[in-house]
Amino acid sequence: NRLTHHLFLEPFCLRECEEYFKEYGFSYSRKQIAECYMVMGGIPYYMSMMDRSKSLAQNIDSLFFSSNAELKDEFSDLYQALFKNAGSHIKVITALSTKGMGLTRKEILASTGLTDNGAFSTVLEELENCGFIRKYSPFGSNISLNRKRQDSSSLYQLIDFYTLFYFRFIEKNSYQDEHFWTTSVNSPLHNTWCGLSFEMLCLCHLKQIKQALGISGVQTLACSWRGKGSESKKGVQIDLLIDRKDETINLCEIKYSKDKFEISLAEEQKLSTRLDTFRAETQTKKSVLLTLITTNGIKQNSHSDIVQSEVTLEDLFW
């Protein structure tokens, strides 16, 4: 009765999902495979429930929104099966679902009302070990600080695709429409979700992004950053920075679009302001490269020269 080995089963990456679908006779495009990933992650158990005779939208309706949907109650079943006292885990997940960049330990405690003790630490560790959340340090955090001060500045971010989909579409589903997903494709609601979920898809494929940028062998730290700039009331927010050991930072803008992403004059000015604000507020001495990660690449025009490197959805399938 002694534990002798820990076996961590990682989700499939996009390339492995593509291989799975081909093996089982699905004819989905890479864009559809990516959208499937943004709904349920690279979880083979969920993909095994899909019917190759149905479109992706029809499969999502069948699994999540039909009257007898197999995954309608998956949220409670999943957490109750994994954790003995799942109530605290669900409270943490619920709090994190409201904040895309994540929350600090202190902010999670304030939001959930849980007690700051060893049991709470165990909840965070279990959620992280099971791949539901990730812990990271925002840009500018001094990684040489002592453990206690490091923990106070670290952010915890929800990264489980199904859980994110659940909170956005299933938990508060007032539509009661068995064909909700099919009818919502290309709607503003669907397009907004695509943008947010594509950002998470990129965060979960950092290895492929680094390979596309030609920096696979460079030690890096992936993080986010929030400044005080006047871009909006919330300030400037950058969801992905790749801080490199070679004195370079890739400031990544992630854009989901159906066609090639076109940079207008207004967009160019916005990107330029972000770069200037980041340099001014962080006072970084490193070279900052503006990197655009898009679904279909950038449409070349008089404003596209502001981008110094780009990554596309195709690159994430490496």
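Helices and strands are runs assigned by DSSP, with helices of at least four residues and strands of at least two, and they are numbered from the N terminus. In this predicted model, that numbering allows a particular residue to be placed: Glu247 lies in the loop that joins β4 (237–244) to β5 (248–255). The phi angle of Glu247 is near 60°, a positive value in a residue that is not glycine. Such a value deserves attention, since most residues other than glycine have a negative phi. With a relative accessible area of 48%, Glu247 is classed as partly exposed, because that class covers values between 20% and 50%.

A second loop offers a similar case. Gln283 is found between α14 (265–282) and β7 (287–294). Although Gln283 is not a glycine, its phi is positive, at about 55°. Its relative accessibility is 61%, so Gln283 counts as exposed. A positive phi also appears just after helix α2, where Gly41 has a value of about 70°.

From these loops the explanation turns to the interior. In soluble globular proteins, nonpolar side chains tend to be buried together. In this model the largest nonpolar core has 75 residues, and those with the most contacts inside it are Met50, Phe64, Phe165, Trp181 and Leu201. A second, separate core has 22 residues, among them Trp225, Leu251, Phe278 and Ile306.

Which residues does Phe165 touch, leaving aside those up to four places away in sequence? They are Val39, Ile60, Phe64, Phe65, Ile170, Trp181 and Trp193. Phe165 is also one of the buried residues of helix α10. This helix spans residues 161–170, and eight of its 10 residues are buried, so α10 is largely enclosed by the rest of the structure. Besides Phe165, the buried residues of α10 include Phe161, Tyr162, Thr163 and Tyr166.

Leu201, another residue with many contacts in the largest core, belongs to helix α12 (residues 188–203). Its relative accessibility is 0%, so Leu201 counts as buried. Once residues up to four places away in sequence are set aside, Leu201 touches Leu14, Ala34, Tyr37, Met38, Phe161, Leu313 and Leu316. By contrast, Leu201 and His303, which are 102 residues apart in sequence, have C-alpha atoms 27 Å apart in space.

The helices that carry Phe165 and Leu201 also pack against each other. Two packed helices are described by the angle between their axes and the distance between the axes. For α10 and α12, the angle is about 155° and the axes are 12 Å apart. The two helices are therefore roughly antiparallel, and their crossing is right-handed. On the α10 side, the contact involves Phe161, Leu164, Phe165, Arg168 and Phe169, which meet Leu189, Trp193, Leu196, Ser197, Met200 and Leu201 of α12. By class, these residues are nine nonpolar, one polar and one charged.

Helix α2 (residues 30–40) is likewise largely enclosed by the rest of the structure, because eight of its 11 residues are buried. The buried residues are Ile33, Ala34, Glu35, Cys36, Tyr37, Met38, Val39 and Met40. What covers them includes α1 (14–23), α3 (44–47), α4 (56–65), α10, α11 (180–184) and α12.

How is α2 arranged relative to α4, one of the helices that cover it? The axes of α2 and α4 come within 11 Å and cross at roughly 15°. That angle makes α2 roughly parallel to α4. The crossing of α2 with α4 is right-handed. Gln32, Glu35, Cys36, Val39 and Met40 of α2 meet Leu56, Ile60, Leu63 and Phe64 of α4. Seven of the residues in this contact are nonpolar, one is polar and one is charged.

A further pair of helices shows another arrangement. The axes of α6 (residues 86–96) and α8 (residues 118–129) come within 10 Å and cross at roughly 70°. That angle makes α6 roughly perpendicular to α8, and the crossing is right-handed. Helix α6 contributes Ser88, His89, Val92 and Ile93 to the contact, while α8 contributes Phe120, Val123, Leu124, Glu126 and Leu127. The contact of α6 with α8 comprises six nonpolar, two polar and one charged residues.

Terms used:
Residues numbered from 1 in each chain as written. Predicted model: local features only at pLDDT ≥ 70, side-chain atom pairs only at ≥ 80, totals over all residues. Heavy atoms only, no water. Core = buried A, V, L, I, M, F, W, Y, C linked by side-chain atoms within 4.5 Å. Buried < 20%, exposed > 50% of the residue type's maximum accessible area, 1.4 Å probe, protein only. Contact = heavy atoms within 4.5 Å. Axes fitted to C-alpha atoms, helices over the stretch in contact; angles between N-to-C directions. Parallel < 35°, antiparallel > 145°, perpendicular 65-115°, else oblique. Left-handed = near helix turned anticlockwise from the far one by under 90°. Nonpolar A, V, L, I, M, F, W, Y, C, P; charged D, E, K, R; others polar.
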